[in-house]
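Colleague: I should be grateful for a close look at a single part of this model. Please treat its surroundings and its charged contacts together, in one connected account.

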Amino acid sequence: IGNILVANFFLHFFYAWMIIYAPIYFHDVIGMSYEQFGLMLTLALSAFVIFPYPAGWLADKYIGEKELLIGGFLLMGITSLLIPYLTFAGAGMLMWVALLFIGRAGASTVEAMAETYFFKQIDGKNAGLMGYFRRSRPLAFIIAPILASALLEFEFITLEGLFYVLAGVMLFAAIYMFRLVDTK
């Protein structure tokens with residue numbers, strides 16, 4: 001159960017980092033208006049409607065949650081890694097929508113699998129664990145901006161570098177998920 005609590009923390013770490021720094025990056029570095037970014041994000045967030053059910057079906061019928069958690073974190077890490085790269089390549093809006101959509105597909109898969117795995121592991125006697133599972137979100141929303149702010153404030157990295165750090169954290173999370181004992 002501890003490993004899935006860590007997975008949930010990393011998922012919310014990704015959310016916190018992207019919620020704060022992606023709009024700033026796309027506006028200040030790429031030069032997009034907030035209206036354009038909002039439209040892109042609207043399309044990208046459709047992944048949260050599309051992917052949870054098929055991911056749950058796939059996990060139940062064929063491969064289990066562990067593999068989908070690893071795959072989701074890999075998608076989140078790779079797409080985070082590509083954000084600064086595509087900036088220098090001069091990507092168009094359609095490319096950005098596709099990249100953000102793929103990253104959100106990974107996040108929606110991780111979210112669905114983390115919930116599924118967690119609730120398969122507990123019963124009615126584990127209400128305290130449910131509290132820990134739910135508290136990983138505010139914890140991540142505190143730690144992620146503090147870490148990013150410290151990195152930026154002390155000029156360890158640039159705004160572009162934040163996405164490399166996020167990619168590293170997500171790839172670490174993917175590797176960490178190998179510790180899970182699969183339910184399938």
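Modeller: What follows concerns helix 4 and the salt bridges of the model, which is a predicted one.

Helix 4 comprises residues 52-63, and within this helix Ala55, Gly56 and Ala59 are buried. These three residues cover an arc of only 100 degrees around the axis, and therefore lie on the same side of helix 4. The general geometry of such an element is consistent with this: an α-helix has 3.6 residues a turn, so residues three or four places apart point the same way. The face turned away from the buried side of helix 4 carries Tyr53, Lys61 and Tyr62, which are exposed. After helix 4 comes Gly64, with a positive phi near 90 degrees.

Helix 4 also takes part in charged contacts. Side chains of opposite charge can pair when their charged atoms come close. The structure holds three salt bridges. In one of them, the side chain of Asp60 meets that of Lys120, with an N to O distance of 3.3 Å. This pair links distant parts of the chain, since Asp60 belongs to helix 4 and Lys120 to helix 6 (residues 93-121), 60 residues apart. Asp60 counts as partly exposed because its relative accessibility is 44%, which lies between the limits of 20% and 50%. Lys120 is likewise classed as partly exposed, at 41% relative accessibility.

Lys120 has a further partner in Glu65: the closest N and O atoms of this salt bridge are 2.7 Å apart. Because Lys120 lies in helix 6 and Glu65 in helix 5 (residues 65-89), the pair ties together parts that are 55 residues apart in sequence. Glu65 has 0% relative accessibility and therefore counts as buried. Asp60, Glu65 and Lys120 are thus linked in a network of salt bridges.

A salt bridge is also formed by Glu115 and Arg134, whose closest N and O atoms are 3.0 Å apart. Here too the pair links distant parts of the chain, with Glu115 in helix 6 and Arg134 in helix 7 (residues 127-153), 19 residues apart. Glu115 is partly exposed, its relative accessible area being 26%. Arg134, at 44% relative accessibility, counts as partly exposed.

To return to the part in question, helix 4 has a buried side with Ala55, Gly56 and Ala59, while Asp60 in helix 4 pairs with Lys120 in helix 6.

How values were computed:
Residues numbered from 1 in each chain as written. Predicted model: local features only at pLDDT ≥ 70, side-chain atom pairs only at ≥ 80, totals over all residues. Heavy atoms only, no water. Buried < 20%, exposed > 50% of the residue type's maximum accessible area, 1.4 Å probe, protein only. Helix = DSSP H or I, 4+ residues; strand = E, 2+ residues; numbered from the N terminus. Arc of directions from axis to C-beta. Salt bridge = Lys/Arg side-chain N within 4 Å of Asp/Glu carboxyl O.
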